[in-house]
Amino acid sequence: MAKMTERALRTRDTRRNLGAELLASVREMKSGKAGRVHRVPVSAIAEARARTGLSRQKFAELLGLSPRTLQEWEQGRRHPSGAARSLLAIAARRPEVLREVFD
């Protein structure tokens, strides 16, 4: 798209009815005709934690690690190993078991 000059921008803006444009935009949004849906992928670890209904702090305590380590796992910067992977698999498949055992 070509860059508009300052004069061209002012000329364009004097012809606009911003109130009418905003009202039309709001009506489009309310009718569901406008808008975008953005899907953010969630890591399996974050999803497992969400299924348990626990905060990051509580879930980290349950796994015996720091909330920072859990955050690193959820964001994909680090990966769990050993027993932590097993507990995460249980949390993903049967979150109620973790809540029951560790409450």
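Q: What radius of gyration does the chain have, against that of a compact globule of 103 residues?
A: The radius is taken over C-alpha atoms, and the globule rule is 2.2 Å times the number of residues to the power 0.38. A compact globule of 103 residues would come out near 13 Å. The chain has 24 Å.

Q: What kind of model is this, and what pLDDT do local features need?
A: Residues are numbered from 1 along each chain as its sequence is written, and side-chain values use heavy atoms, with hydrogens and water left out. This is a predicted model, where totals for chains, interfaces and linings use all residues, side-chain atom pairs count only at pLDDT 80 or more, and local features need pLDDT of at least 70.

Q: How many helices and strands does the chain have?
A: Helices (H or I, at least four residues) and strands (E, at least two) are DSSP runs, numbered from the N terminus. The elements run α-α-α-α-α-α-α. The count is seven helices and zero strands.

Q: How do α4 and α5 cross: roughly parallel or roughly perpendicular?
A: Axes are lines fitted to C-alpha atoms, for helices over the stretch in contact, with angles from 0 to 180 degrees between N-to-C directions. The axes of α4 (residues 56-63) and α5 come within 8 Å and cross at roughly 100°. Angles under 35 degrees count as roughly parallel, over 145 as roughly antiparallel, 65 to 115 as roughly perpendicular and the rest as oblique. Therefore α4 is roughly perpendicular to α5.

Q: Which residues of α3 and α5 make their contact?
A: The axes of α3 (residues 44-52) and α5 (residues 67-74) come within 7 Å and cross at roughly 125°. That makes α3 oblique to α5. Contact means heavy atoms within 4.5 Å. The residues are I45, A46 and R49 of α3 and L70, W73 and E74 of α5.

Q: Is A91 buried or exposed?
A: A91 lies in helix α6 (residues 83-93). Buried means under 20% relative accessible area, exposed over 50%, partly exposed in between (1.4 Å probe, protein chains only). A91 has a relative accessible area of 0%, so A91 is buried.

Q: Which residues does A91 touch, not counting those up to four places away in sequence?
A: One of them is F59, 32 residues from A91 along the chain. The C-alpha atoms of A91 and F59 are separated by 9.9 Å. The full list is A48, R51, T52, F59 and L98.
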